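Colleague: Please take a close look at a single part of this model. Then set that part against the rest of the chain.

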Amino acid sequence: MHSLLVRKYNQPVPRYTSYPTVPFWKEEIDVEAWKTAFRNKFEEQNHTNGISLYLHLPFCESLCTYCGCNKKITTNHKVEEEYLLAIEKEWIIYRRLMKQTPVIRELHIGGGTPTFFSPKNLQRLLNFILKSSIIHPKHEFSIEGHPNNTTKEHLKMLYSLGFRRISYGVQDNDPEVQRIINRIQPFENVKRATEMAREIGFTSVNFDLIYGLPLQTLESIERTINQTIELKPDRIAFYSYAHVPWTSKAQRLFDESHLPSAEEKILLYLKGKELLTKNDYVDIGMDHFALPTDELYKAWKGGRLHRNFMGYTTTSTKFLLGLGVSSISDTGNAFAQNNKTLHDYYQLVSENKLPIKKGYFLSEEDEAFRQYILEIICKGEVSFAEKHLPVLEQYSFPLLEDMEKDGLIVWDKYGLTVTPQGHNFLRNICSAFDLYLRRSTKDGKNVFSKAI
Ligand code: SF4
């Protein structure tokens, strides 16, 4: 990959797990309108594609200083009970809106640290939800595990309930980097957790790695990647660290002078990518790498990739219900996000109310441009509808001209195809179709300022 292009397109562009992106949503949502959108789309999707379910479990025992997630730090495991009661109640509230038994096609548990919860409590929650659902024959269940506290009991229980995918937060194996990010996690723990999952029968193990962390060097990232390659996870997400201390207070806990410069960060990425691709990993796009034996790779190759708040997925459900504090739901034509504080979340659920706070109802134009962005991210090509030409000519085409000169795409007024070179810049290409971003910039040029 040409490093000059990496520099040119190294801009804060959204990851497009939603469109419009969260910064453009309304701060208050019309709850009755959301219920209507939920009911209608659920009935349309449930028996055809099945639905996706996301459970957010927010607790962690210690604070990683790079963290930008919605989490609650505590070592008091008594919090598990109160949280379980609330999330079970939320499920009951949503179940009342469903006229059919839900068909669960995809289920993902994220956090926080889901493995903060005891195997017994996780099992209780899952049984509670699954006993009033139908499990789709081609279901895909996955969980985020912490290498330090994922036990054999967790994994056996999850496996028995149909989980076959686990994603471990590895981030970096270097002891000095781990010290400054306050995530002490010896490589032996990562190795043990990976081997345990495989022995029990998990067929896809993902590692999350981050580049751009404080104290990372080319040598340290090389060691981390090489150790990762030794364990051969089926998938790797190699994320860029986003330093936003004004919103993520934990990031104020280390000295910024330890962060790599923008230039060094690019070199860290290029080194990681080079090592991964030399060792059989294929760059699926948007920071994701997969072995050719993994379903993600096969779905990408077969044009069956999909993308939602959980990132890339291999199932094409168009309806996602998120339960738990701060979770996001997506009906395809509307988004809703739950309250971000435990206090408000508990309060609303205890009053038998949906704990939603902000959201967005998509217009016809939003749905069309969302689809354009999805097609680019998942398939690398898209056709334009004639009726959108005036808007495309005003906002998107001027940017495409520049991208074509850089060899990222070939395009005309009928559609666009991403080139192998452009595959490294999918986000930037998608951003040409982000009308909110385009309209929020003063002159409609390639300026990125708000959404991350
Ligand atoms: S990075 Fe993960 S484990 Fe660390 S504080 Fe954030 S949510 Fe918790």
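Modeller: Helices (H or I, at least four residues) and strands (E, at least two) are DSSP runs here, numbered from the N terminus. Residue numbers start from 1 along each chain as its sequence is written, and side-chain values use heavy atoms, without hydrogens or water. The model is predicted, so local features need pLDDT of at least 70 and side-chain atom pairs pLDDT 80 or more, while totals for chains, interfaces and linings use all residues.

I pick helix H13, residues 389-405. H13 bends by about 50° at Ser396. That bend is the angle between two fitted axes, one for the seven residues ending there and one for the seven starting there. A proline, Pro398, follows within four residues of Ser396.

Now the inner face. Ser396 itself is buried, that is, under 20% relative accessible area (exposed is over 50%, partly exposed in between; 1.4 Å probe, protein chains only). The other buried residues of H13 are Leu389, Val391, Leu392, Tyr395, Phe397, Leu399, Leu400 and Met403. The buried residues of H13 pack against three helices: H12 (364-379), H14 (426-431) and H15 (435-440). They also pack against two strands, S18 (409-412) and S19 (415-418). Contact means heavy atoms within 4.5 Å.

Next, the exit from the helix. Just after H13, Gly407 takes a positive phi of about 80°. Gly407 is also in contact with Thr419. Thr419 sits in the loop between S19 and H14. Its relative accessible area is 17%, so Thr419 counts as buried. Beyond neighbours within four places in sequence, Thr419 also contacts Leu408, Ile409 and Val410.

Elsewhere, take Lys89 in helix H3 (residues 79-97). Lys89 is partly exposed, at 27% relative accessible area. Leaving out residues up to four places away in sequence, Lys89 touches Val349, Ser350 and Asn352. Lys89 and Leu323 are 234 residues apart in sequence, yet their C-alpha atoms are 10.0 Å apart.

Finally, the whole. The protein has 15 helices and 19 strands. Of its 452 residues, 58% count as buried. Among contacts between residues at least 6 apart in sequence, 72% join residues at least 24 apart. The C-alpha atoms fill a box of roughly 55 × 50 × 40 Å along the principal axes. The radius of gyration is 21 Å, which agrees with the value near 22 Å for a compact globule of 452 residues. That radius is taken over C-alpha atoms, and the globule rule is 2.2 Å times the number of residues to the power 0.38.
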